[in-house]
Amino acid sequence: MNYLAPSILSADFSRLGEQIRALKDGGAQVVHFDVMDGHFVPEISFGEPILRSVRKMTDLIVDAHLMVYNPADHVEAFAKGGADILTFHYEVLPGGGFAYGGINDPDMAVEEGMALIKKIHDAGMKAGLSIKPKTPWEVVKPFIPYLDLVLVMSVEPGFGGQKYMPESTDRIRAIREEAKRTNPALRVEVDGGIKTNNVKVVLDAGADMIVAGSAVLGGDDVLEKTRAFMEILRG
Ligand code: DX5
Ligand code: ZN
């Protein structure tokens with residue numbers, strides 16, 4: 001079953017409860033919760049206090065996407081706050097510093113990433129690993145057997161409302177092919193620039209969890225927009 005994961009980064013926070021109800025009524029299964037620290041990405045979004053409120057508002061799956069440095073420091077708080085899935089970025093691992101002139105020591109990154117996945121599982125959540133558009137997709141390979149989810153960023157993380165990067169389609173396909181061999185239950189999530197007119201492309205490539213921010217929560221008619229996506233996701 002394909003999941004729709006609307007990103008509340010694009011929500012009207014003065015009407016958050018009402019909008020989350022519309023997501024559920026429209027058939028979405030997941031709330032995508034974008035956490036930004038002002039360092040890994042330029043802006044600051046929201047964190048645990050809002051998470052606790054969202055948890056009270058809904059029984060949808062809460063999918064926290066940490067665009068933050070030092071994600072290990074926040075695992076406990078996100079588990080307590082009610083996140084069901086916790087996704088961190090490969091690029092923030094000290095050994096995985098592709099995009100930052102970091103150490104770029106893949107063996108070290110595997111060790112660090114595996115420890116973090118274990119920590120997330122021990123805290124009772126599902127674990128996700130995300131890669132930015134310019135990070136080679138192959139870095140996720142060694143983690144796939146241990147992960148619940150891989151999140152492919154199809155825009156540079158940081159802002160809603162950007163345009164889908166078409167080269168993401170092949171990356172999704174490659175990860176799905178790899179997962180068929182090493183972890184068939186893996187969710188492949190795509191995040192950035194997804195609209196009703198391009199979602200079919202990513203579904204066909206093997207994505208089964210679709211983030212949509214501005215296309216669902218930008219402006220009014222959240223219920224209708226959610227329904228339109230779900231019609232396509234149900235095939
Ligand atoms: C971007 C966030 C996304 C974003 C998606 O940094 O991770 O989840 O909100 O928004 P749209 O769908 O508008 O590209
Ligand atoms: Zn996101």
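Q: Which residue stands opposite Y3 in β8?
A: In general, strands are DSSP runs of E with at least two residues, helices are runs of H or I with at least four, and both are numbered from the N terminus. Here, Y3 faces M209 of β8. A quick word on the setup: this is a predicted model, where local features need pLDDT of at least 70, side-chain atom pairs count only at pLDDT 80 or more, and totals for chains, interfaces and linings use all residues. Residues are numbered from 1 along each chain as its sequence is written, chains are lettered from A and ligands numbered from 1 in the order in which they are written, and side-chain values use heavy atoms, with hydrogens and water left out.

Q: How many bridges join β1 to β8?
A: Two strands pair if DSSP finds at least two bridges between them. For β1 and β8 there are four, and the strands run parallel.

Q: And what joins β7 to β8?
A: Two bridges link β7 (residues 187–191) with β8 (residues 209–212), again in parallel. Across that pair, E189 is opposite M209, and V190 is opposite I210.

Q: Which residues are buried on the two faces of β8?
A: Buried means under 20% relative accessible area (exposed is over 50%, partly exposed in between; 1.4 Å probe, protein chains only). M209 and V211 are buried on one side, I210 and A212 on the other.

Q: What is the strand order of the open sheet?
A: The eight strands run β1-β8-β7-β6-β5-β4-β3-β2, with parallel pairing. The edges are β1 (3–6) and β2 (30–36), each pairing on one side only.
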